[in-house]
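Open your viewer and keep the sequence panel beside it. We will go stop by stop, selecting as we go.

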Amino acid sequence: MNMDELKQEEDALRERVTALPPEKRKAYYALEKKRIKDPDNYAVLNYFFVAGLHHFYLGKTLFGFLNLLGMLIGLLFIETFGIFIFLAIIVIELPQLFRSQRIVYQYNNNVMRQTLKDVESQPLAS
Amino acid sequence: MSNPSHWPAKATKKQQPWLVIGLAVLLVCVVAGYKLYSSIIPMSAQYLAEKIPQSIYQQIGEHGLKSMDESTFSASELSADKKQEISELFSSVVEKLQLEPASYQLEFRSWEETANAFALPGGTIILTDVLVEKMQNNEQLTAIILHEVGHIEQNHNMQNMIRTSLFYITLSVIFGDLSLVADLLIEASVMGVNLSYSRAFENEADAFSASSMRTLYGDVSALKQAMELLHEDSGQEDSEQENSWLSTHPGLAERLQTISAFD
């Protein structure tokens, strides 16, 4: 999805939020505030020297762990082939730095969708 | 009215990753620090030390000797015959080990009651009068000289300077110019690492001396005896003190163990 499509998707989700009953809307915003991610944080964690942190930030534990494992192996064998592991991680992960706005936008739309689902599935308290 | 805190929180917990991020950073910092200390800095220092021209070594050595002459040493009181005897012994050792004679100069100095020997960048080896008097035979003296030759052959002085500088630069880059606390931490770390590298270099020089003694005399007993004599002279009877991580040299037991590997 490009940024325009993501914006349209967000607008549609916002309309659904607006249509919620007031107490569910309040609950929705409380949850959304906790769940959404900041693209700047994502970008900083991406170019921070420890690989995989941006994946952990978005809850992609497996990818984060693989990046981290690669970095540790690279460090431990830096005298021989370790440098090539670093280069491979950079080649694979650095492009995400330049797509961080879009990646986090997409993530946040998914979070909004999931949060709406969670809130809508809860019965109203009497 | 419903309380928002009663709404589903499972995903919220799952998406609070800062603890995992903190642990990952800590883990990488520990591994990176270890590799930096044990491998990256020593390898870089060795590479850089080999690239420095010999004239720089000579200048550093000359300035070092001049500085110590002005502040620490006085002229040797050994007899001319004794100096001549040791110089000839040194020349024969250099020749037998097929070392480059022009790379080494032997100097004698007096330093109060201190029995010590030094190697300076550029190949100057200094023996103090007390050390010469303390050694009971030429083999023991040869062992000590060969220890200093080991420092020169393996370029320890320059490597130590470069290692310490690289470590200081690395910590300065990480901490920046933040505060007095950071400065103190950097200074303390540099000192600790410097001492640790120093002990490693001493072990390498012992190994060089032991290997050369074995080549020259067929055994390493004279080196062990020399170490024990110097240890007695240093007055370090407390084993905890001598193995302290604040020591520039390894403890006697560790040194004898290193040497015994060449028995």
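Two strands pair if DSSP finds at least two bridges between them. With that in mind, select B:Ser74: this residue stands opposite B:Ser110 in strand 2 of chain B. Keep in mind throughout that this is a predicted model.

**Stop 1: how far to trust it**

Colour chain B by pLDDT. The mean is 83, and 82% of the residues of chain B reach 70 or more. Now select residues 1-9 of chain B. Here the pLDDT is below 50, and the stretch has 15 contacts in the model beyond near neighbours in sequence. For the model, the scores are ipTM 0.85 and pTM 0.71.

**Stop 2: the sheet of chain B**

Select the strands of chain B. In what order do the four strands of the open sheet lie? The order is 1-2-4-3, and the pairing is mixed. Strand 1 (74-75) and strand 3 stand at the edges with a single partner strand each, so one side of each is left without a neighbour in the sheet.

Start at the strand 1 edge. Strand 1 and strand 2 of chain B run antiparallel and are joined by two bridges. You have already seen B:Ser74 opposite B:Ser110. Add B:Ala75, whose bridge partner in strand 2 of chain B is B:Arg109.

Step across to the next pair. Strand 2 (residues 105-110) and strand 4 of chain B are parallel, with five bridges between them. Select B:Gln105 and find its bridge partner in strand 4, B:Thr124. Then pick B:Glu107, which stands opposite B:Ile126 in strand 4 of chain B.

Move on to the other edge. Strand 3 (residues 117-119) of chain B runs antiparallel to strand 4 of chain B, and three bridges join them. B:Phe118 stands opposite B:Ile126. These two strands form a hairpin with four residues between them. Select B:Gly122 in that hairpin: its phi is positive, near 105°.

**Stop 3: strand 4 from both sides**

Stay on strand 4 (residues 124-128) of chain B. Are its residues buried or exposed? Five of its five residues are buried. In a regular strand the side chains alternate between the two faces of the sheet. Show the side chains and look at each face. On one side sit B:Thr124, B:Ile126 and B:Thr128; on the other, B:Ile125 and B:Leu127. Both faces of strand 4 are covered.

**Stop 4: the nonpolar cores**

Which residues touch the most other members of the largest nonpolar core? Select B:Ala143, B:Ile144, B:Ile145, B:Met213, B:Leu223 and B:Ala226. The core holds 29 residues. The elements of chain B that give two or more residues to it are helix 4 (80-96), strand 4, helix 6 (138-153), helix 8 (180-217) and helix 9 (221-234). Helix 6 of chain B gives the largest share, seven residues.

Zoom in on B:Ile144. Leaving out residues up to four places away in sequence, B:Ile144 touches B:Ala117, B:Leu131, B:Met135 and B:Ala226.

Then go to a second, separate core of 18 residues. Among its members are A:Tyr42, A:Leu45, A:Val104 and B:Ala24.

**Stop 5: two sides of a helix**

Select helix 11 (residues 252-260) of chain B. Its buried residues are B:Arg255, B:Thr258 and B:Ile259. They cover an arc of only 95° around the axis, which puts them on the same side of helix 11 of chain B. An α-helix has 3.6 residues a turn, so residues three or four places apart point the same way. On the other side of helix 11 of chain B, B:Ala253 and B:Ser260 are exposed.

**Stop 6: an exposed residue**

Select B:Glu50 in helix 2 (residues 18-51) of chain B. B:Glu50 is exposed, with 10 other C-beta atoms within 10 Å. Now add B:Asn155. B:Glu50 and B:Asn155 are 105 residues apart in sequence, yet 8.3 Å apart in space, C-alpha to C-alpha.

**Stop 7: chain A**

Finish by selecting chain A. How many helices and strands does chain A have? Chain A has seven helices and zero strands. Its radius of gyration is 19 Å, well over the 14 Å that the globule rule gives for 126 residues, so chain A is more spread out than a compact globule. Turn the chain: its C-alpha atoms fill a box of roughly 65 × 30 × 20 Å along the principal axes. Of the 126 residues, 25% count as buried. Among contacts in chain A between residues at least 6 apart in sequence, 58% link residues at least 24 apart.

Notes
Residues numbered from 1 in each chain as written. Chains lettered and ligands numbered in written order. Predicted model: local features only at pLDDT ≥ 70, side-chain atom pairs only at ≥ 80, totals over all residues. pLDDT = per-residue confidence, 0-100. Contact = placed C-beta atoms within 7 Å. Buried ≥ 20, exposed ≤ 12 C-beta atoms within 10 Å, placed from the backbone. Rg over C-alpha atoms; globule rule 2.2 N^0.38 Å. Arc of directions from axis to C-beta. Core = buried A, V, L, I, M, F, W, Y, C linked by C-beta atoms within 7 Å.
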